[in-house]
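Got the viewer open? Let's walk through this one stop at a time, with something to select at each.

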Amino acid sequence: MEKIDRKRSLTREKVLKAALQLIDQEGLENFSMRKLGLALGVEAMSLYNHIANKEELFDGVIEFLLLQIPFPETSNSSPYDDLWVFAHDFRNVLRAHPRALPLFASRPLRTPASLSILERLLATLQRANIYGAHAIYVLNGMVGFIIGHELLDVGSVLFSGMKPEGSYSKLWQDIPGSKYPVLHNLMSDLEYVNPDQQFSFGLQALLKRLNE
């Protein structure tokens, strides 16, 4: 009876939320529909009443994460400010779920809710007089920068068994100055590299045209 009740109470949102939790815990490489069914207390076949297959499930997880970004339907602020806030909020979502990063790096947006967010971002760029292929270039550049930055920042947690390598300054502290003089002279500055400041610096350079 309990299993029947669980089937009846199951929804697409509950399936996606549980899938994200499983990805957070075990990574994409260890994810399976059978494990997801066990986590929800149902047979794996019951999941297909809410999701067609694993590929659609992953698209849904992307959507589930994107919907956590508080991007308004309309805005009185500038396109630069809107994209600046969106980029930082997107980064925060990815930082909270680093093992989902490969989904964003490998899958285009497909679900209606995800495409609606893309539509709003493109409309934001149109307010900055950026159209057509150039709008795609800006969005792909921004998203690629965000994902790439987070891969460098938290890449060691993407796969089970990988250990952090440590800071650049510790790894490179014994390099010979005679062979790598420019890098050697930067060693003292590496101690002050801050991931948040680095992200904002790169994003500012990327969106500079929008603020001119």
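Does tryptophan 84 count as buried, partly exposed or exposed? Select tryptophan 84 and show the surface: at 24% relative accessibility, this residue is partly exposed, because buried would require a value under 20%. Keep that residue on screen; we'll be back there shortly.

**The whole chain**

Zoom out first. This is a predicted model, so colour by pLDDT before anything else. The average for the protein is 87, and 87% of the residues score at least 70. Helix 1 (residues 2-9) has the lowest confidence, with a mean of 58, while helix 5 (residues 54-66) has the highest, at 97. Where pLDDT is low, the predicted coordinates should not be read in detail.

Now switch to cartoon. You'll see twelve helices and zero strands. Of the 212 residues, 37% count as buried. Among contacts with a separation of 6 or more, 74% are between residues 24 or more positions apart. The exposed area is about 12,700 Å², with carbon and sulfur atoms supplying 54% of it.

**Rings in helix 6**

Back to tryptophan 84, and add tyrosine 80. Both are in helix 6 (residues 79-96), four residues apart, which is about one turn of the helix. Tyrosine 80 is buried, with a relative accessible area of 8%. How many aromatic pairs does a search of the whole structure find? There are five. The rings of tyrosine 80 and tryptophan 84 make a stacked pair, because their centres are 5.9 Å apart and their planes are at 20°.

Next, select Phe86, Phe90 and Phe104. Ring pairs link these three into a cluster.

**A pair between helices**

Tyrosine 80 and tryptophan 84 share helix 6; for a pair that reaches between helices, go next to phenylalanine 145 and phenylalanine 199. Phenylalanine 145 belongs to helix 9 (residues 132-154) and phenylalanine 199 to helix 12 (residues 195-206), so the pair ties together parts 54 residues apart in sequence. These two rings are also stacked, at 5.3 Å centre to centre with 25° between the planes. Phenylalanine 145 is partly exposed at 23% relative accessibility, whereas phenylalanine 199 is buried at 0%.

Leave phenylalanine 199 on screen and add arginine 91. The charged end of arginine 91 sits over the ring of phenylalanine 199, 4.7 Å from the ring centre.

**The nonpolar core**

In soluble globular proteins, nonpolar side chains tend to be buried together. Here the largest nonpolar core has 50 residues. Show Phe31, Leu36, Leu57 and Met142 as sticks: these have the most contacts inside the core. The elements that give two or more residues to this core include helix 2 (12-26), helix 3 (33-40), helix 5 and helix 7 (101-106).

Pick methionine 142 and look around. Which residues is methionine 142 in contact with, leaving aside its neighbours within four places in sequence? They are Leu83, Phe86, Ala87, Leu203, Leu206 and Leu207. Phe86 should look familiar from the ring cluster.

**Aspartate 59 and threonine 111**

Now go to aspartate 59, in helix 5. Aspartate 59 is buried, with a relative accessible area of 8%. Leaving aside neighbours within four places in sequence, aspartate 59 is in contact with Arg107, Pro108, Arg110 and Thr111.

Step across to threonine 111, in the loop between helix 7 and helix 8. Threonine 111 is buried too, with a relative accessible area of 10%. With neighbours within four places in sequence set aside, its contacts are Arg12, Asp59, Gly60 and Glu63. Try a C-alpha to C-alpha distance from threonine 111 to glycine 60: the value is 7.1 Å, for residues 51 apart in sequence.

**Last stops: glutamine 126 and asparagine 129**

Select glutamine 126 in helix 8. At 43% relative accessibility, glutamine 126 is partly exposed. Its C-alpha is separated by 8.7 Å from that of proline 79, 47 residues apart along the chain.

Finish at asparagine 129, in the loop between helix 8 (112-127) and helix 9. Most residues other than glycine have a negative phi. Asparagine 129 has a positive phi of about 60°, although it is not a glycine. Asparagine 129 is also exposed, with a relative accessible area of 56%.

Methods
Residues are numbered from 1 along each chain as its sequence is written. This is a predicted model: local features need pLDDT of at least 70, side-chain atom pairs count only at pLDDT 80 or more; totals for chains, interfaces and linings use all residues. Side-chain values use heavy atoms; hydrogens and water are left out. Buried means under 20% relative accessible area, exposed over 50%, partly exposed in between (1.4 Å probe, protein chains only). Contact means heavy atoms within 4.5 Å. Accessible areas come from the Shrake-Rupley method with a 1.4 Å probe; for residues, only the protein chains shown count as cover. Rings of Phe, Tyr and Trp (its six-membered ring) pair if their centres lie within 6.5 Å; planes under 30 degrees apart count as stacked, over 60 as edge-to-face and the rest as tilted. A charge sits over a ring if NZ of Lys or CZ of Arg is within 6 Å of the ring centre and within 35 degrees of the ring normal. pLDDT is the predictor's confidence in each residue, from 0 to 100. A nonpolar core is a set of buried Ala, Val, Leu, Ile, Met, Phe, Trp, Tyr and Cys residues joined through side-chain atoms within 4.5 Å.
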